[in-house]
Amino acid sequence: MSVVAFAKNWNGKFKNSSYELVSYTKELANQMQTNLVIVSIGKITEEELNKLSQYGADRIISVNDARMNVLTSRVYAEVIAQIAKKESAELVVMTDNNSGKAIAPRVAVKLKAGMVAAVQELPVSIKPFVVKKQMFSGKTFGYVQINSAIRVLTLAKNCFGLVENPVECNIDISHPEVNTGLFKIQIISEEEQKNKVILTDADCVVSAGRGMRSPDNWRPVEELAEVLGAATACSRPVSDEGWRSHEEHVGQTGKVIAPNLYIAAGISGAIQHVAGISRSKCIVAINTDPEAPIFSVADYGIIGDVMDVLPRLTEAFRKSKS
Amino acid sequence: MKILVCISNVPDTTTKVKFKEDNTLLDDSGIQWIINPWDELALTRALELKEDAGNSVNEVCVINVGGSLTEATLRKALAIGADKAIRIDACPSDAYHVAGQIAEYLKENVYDLIFSGIESSDYNGSSVGAMLAEFMNYSGISSVTNVNLDDDIVVSRAIPGGKQMIKTETPFVAIVQKGIAKEPRIPSMRGIMMARKKPLEVIPAAELPVLTQTVKFELPQAKGTCKMIDPEHVEQLVELLKNEAKVL
Ligand SMILES: Cc1cc2nc3c(=O)[nH]c(=O)nc-3n(C[C@H](O)[C@H](O)[C@H](O)COP(=O)(O)OP(=O)(O)OC[C@H]3O[C@@H](n4cnc5c(N)ncnc54)[C@H](O)[C@@H]3O)c2cc1C
C-alpha cells in the first residue's frame, strides 16, 4: 500500500506548490500509516529531486525521460497510473493547477478511482475516506466521501503550507513503457512573457476594477505591484472591456487564486469576484464607497480614491523596504 | 463535422445557497437554474463555428446528465441555437458517473469535437472533460481559449504567463475557459419559438458506479470585521501587514 504523489517540475525546477504537495502527502501517508512515493516526470537533476527530501520525500521515482519534457496529459496520466498500480497505491495526489486538472481525472478513470478536486486540508476521516472542499464557488464547504478502493485528489495551492521534515531520500530511475502514439499533440507556437510574476503562483496580488475609470490609469497599480513583487489582476468588466488582458481576470469565471496578500483597488466585491479570491490569507480593499461589499470580506480597508491612495501606498512600502 | 457540447445545469451565480435535512441536501427552493457559464461560452463558440460557411459543421448538439428539471436549461440551449439536445436520465452525482454516461452515448453516436467547460460552478469538480477524453481514449486539450477549424484544426490554450497554439486532429475534447467566445449568446424571441420544435431526446442511464458522494455541507464562518485605515496614514497599513497579518 502507498500514497503516490506526482510532483510536477517546470523545466527541471520545482516550485513551492511541489514542496507543499510533498508536505501534505507526507502527513497524509503518516495518517494512513503507509509509505509515500513521489513521482517526477521529465528531465531533472538529482540535486533538484533531493530538495523534495526537505519536506519528507524519502522515496522518489524519477521518470527521467527527455521525450516527456513537454507535458502531455495522456502520457503523464499513463505513467502515473502505471506507477500507482505497481506501488499498490490507495491514494494518488497532485497539485490543483492546469496540469493537475488535466491529468488527475484521466488517472482516476484508469484506476476506477473516485476523485475530488481542490481539497484544502487533510481528510477529516480515513475510514470512511472523507475530504472537505469548497463548493458553489466558495459560498460553502462540502464533505465528500470517496467509496472506491483507490482515490485521487488534487490539492488546492497555498492552503496547507510548507512543513519542513528533512529525511534521507532514495531515488529510483524508472523507464515505463508508454505507447508512442500518445505523444501526438503538435505545438506550433508558444508565447510566454518572461520575468513576469505568474498570477496563480504569486504570493502577493494587486488587483484593480472599474473604479480605475480608464485603462490609462493603470500606472499606479503597476507601480505598487512592482514594489511588492506582486502579480497584477483585475475584475471581469475590466478584462471584458479590453482594459487589461483576460489572463488577469480573477473570479468565478476567471482565475481562482489564493495569495497571502490580495489588494483590491476600485473593486466593488461582487459575489462572483469574491469567489475567485476568498481563499486569500489577507485582503486589503481600497474603495470610495464605504458600503461596497468588498469591505465585508476584507481584513483591512481604506476609504478613498484609488488615484490618491495607491501612490501613497507605493511610497509607504518603498520606505519600509529601504 | 458534428460538435457535442456538454452542459451542466447550475444555480444562478448570485444564488444564496441553502441546505436542508441537517445540511445534507441542497435546498433547491427558489433557485434559478442556468447553463454553467463556461458551457454557455462553449455553445456560443460551437454555433459560431457552424455559422462560418468555410467550416463543414452541420450539427451542434447539447448533452446533459440530469433529471427532468434540467430540461428548461436544455431548452434554453436550443433557443440559443443548438440543433438538438440529449438528456441522459440520471442524477449527476459525481464527475466519474457523469463522464461515464456521456462516454456511453458517444460510443454509439460519433462526434468530432466535444466541448466541456473547465468546471461546473456548483460542485467545482473540474474533471468531467478530461475524464470523458480518457473514457473515449481521445486527446483532450485543457485551458482552451480558441478553436479554429480552418484547413488545420488549431486550438489556442492559456499557459501560465502566455499562450500556446496546438495543431490537432479529430476527435478530441476541448476543455474550455474564458476567451473561447467573447460573450454568451442570449436566446432571441424567434430562437425560443423554434426551440419548442427542436428534438430533446431522453435516454436511459447506463449502469455505472457512483464513486463519491457529498455527505454534508457547511456554510463558512462570517469573516471578522474589517479594520479601517486612515488614507492619510497608509504607513499604518504597512505596519499591520508586517506585524499583525504577517503577510509581508
Ligand atoms: C455569470 C457571471 C459571472 C461573473 N464572473 C465574474 C468574475 O469571475 N470576476 C469578476 O470580477 N466579476 C464577475 N462577474 C461580474 C460581477 O458580478 C461584477 O459585475 C464585477 O465583479 C464588478 O467589477 P468591478 O468591481 O470592477 O466594478 P464595479 O462593480 O463597477 O465596482 C467598481 C467599484 O469601484 C469603486 N470606485 C469607483 N471609483 C473609485 C475611485 N476613484 N477610487 C476607489 N474606488 C472607486 C466603486 O465604489 C465600486 O465599488 C460575473 C457576473 C456574472 C453574471
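The points below concern a predicted model, beginning with the ligand site and continuing with chain B.

1. Location of the ligand. The ligand is placed between chains A and B, and 26 residues surround it, the closest of them being A:Ser235, A:Ser268, A:Gln272, A:His273 and A:Asn287. By residue class, this shell divides into five nonpolar, 16 polar and five charged residues.

2. Polar atom pairs at the ligand. For A:His273, which is among the closest residues, a polar side-chain atom lies 2.7 Å from an oxygen atom of the ligand. Nitrogen atoms of the ligand enter two further pairs: a backbone N or O atom of A:Thr288 lies 3.3 Å from a ligand nitrogen, and an N or O atom in the side chain of A:Asp305 is 3.3 Å from a nitrogen atom of the ligand. Anyone setting up the site should keep apart the backbone origin of the A:Thr288 pair and the side-chain origin of the A:Asp305 pair.

3. Burial of the ligand and the elements around it. Taken alone, the ligand exposes 980 Å², and 79% of that area is buried by the protein. The elements that give two or more residues to the surrounding shell are α6 (236-240) and α7 (271-274), both of chain A.

4. Overall description of chain B. Chain B has 248 residues, of which 54% count as buried, and its secondary structure consists of six helices and 15 strands. Along the principal axes, the C-alpha trace of chain B spans about 65 × 45 × 40 Å.

5. A nonpolar surface patch on chain B. B:Met189, B:Ile192 and B:Met193 form a nonpolar patch on the surface, and together these residues have about 300 Å² of accessible area. B:Met189 belongs to helix α5 of chain B, which covers residues 189-195. The relative accessible area of B:Met189 is 60%, and B:Met189 is therefore classed as exposed, the cut-off for that class being over 50%.

6. The loop position of B:Asn58. Which elements of chain B flank the loop that holds B:Asn58? The loop runs between α1 (37-51) and β6 (59-65). B:Asn58 has a relative accessible area of 52% and so counts as exposed, given that this class requires a value over 50%. Although B:Asn58 and B:Lys2 are 56 residues apart along the chain, their C-alpha atoms are separated by 6.0 Å.

Definitions and conventions:
Residues are numbered from 1 along each chain as its sequence is written. Chains are lettered from A and ligands numbered from 1 in the order in which they are written. This is a predicted model: local features need pLDDT of at least 70, side-chain atom pairs count only at pLDDT 80 or more; totals for chains, interfaces and linings use all residues. Side-chain values use heavy atoms; hydrogens and water are left out. A residue is near a molecule or strand if one of its heavy atoms lies within 4 Å of it. A polar contact is a pair of N or O atoms within 3.5 Å; within protein, one must be able to donate a hydrogen and the other to accept it, and residues adjacent in sequence count only if both atoms are side-chain atoms. Accessible areas come from the Shrake-Rupley method with a 1.4 Å probe; for residues, only the protein chains shown count as cover. Helices (H or I, at least four residues) and strands (E, at least two) are DSSP runs, numbered from the N terminus. Ala, Val, Leu, Ile, Met, Phe, Trp, Tyr, Cys and Pro count as nonpolar, Asp, Glu, Lys and Arg as charged, and the others, Gly among them, as polar. Patches are made of residues with over 30% relative accessible area and no salt bridge: like charges are joined within 9 Å, nonpolar side chains (Val, Leu, Ile, Met, Phe, Trp, Tyr) within 5 Å. A salt bridge is a side-chain nitrogen of Lys or Arg within 4 Å of a carboxyl oxygen of Asp or Glu. Buried means under 20% relative accessible area, exposed over 50%, partly exposed in between (1.4 Å probe, protein chains only).
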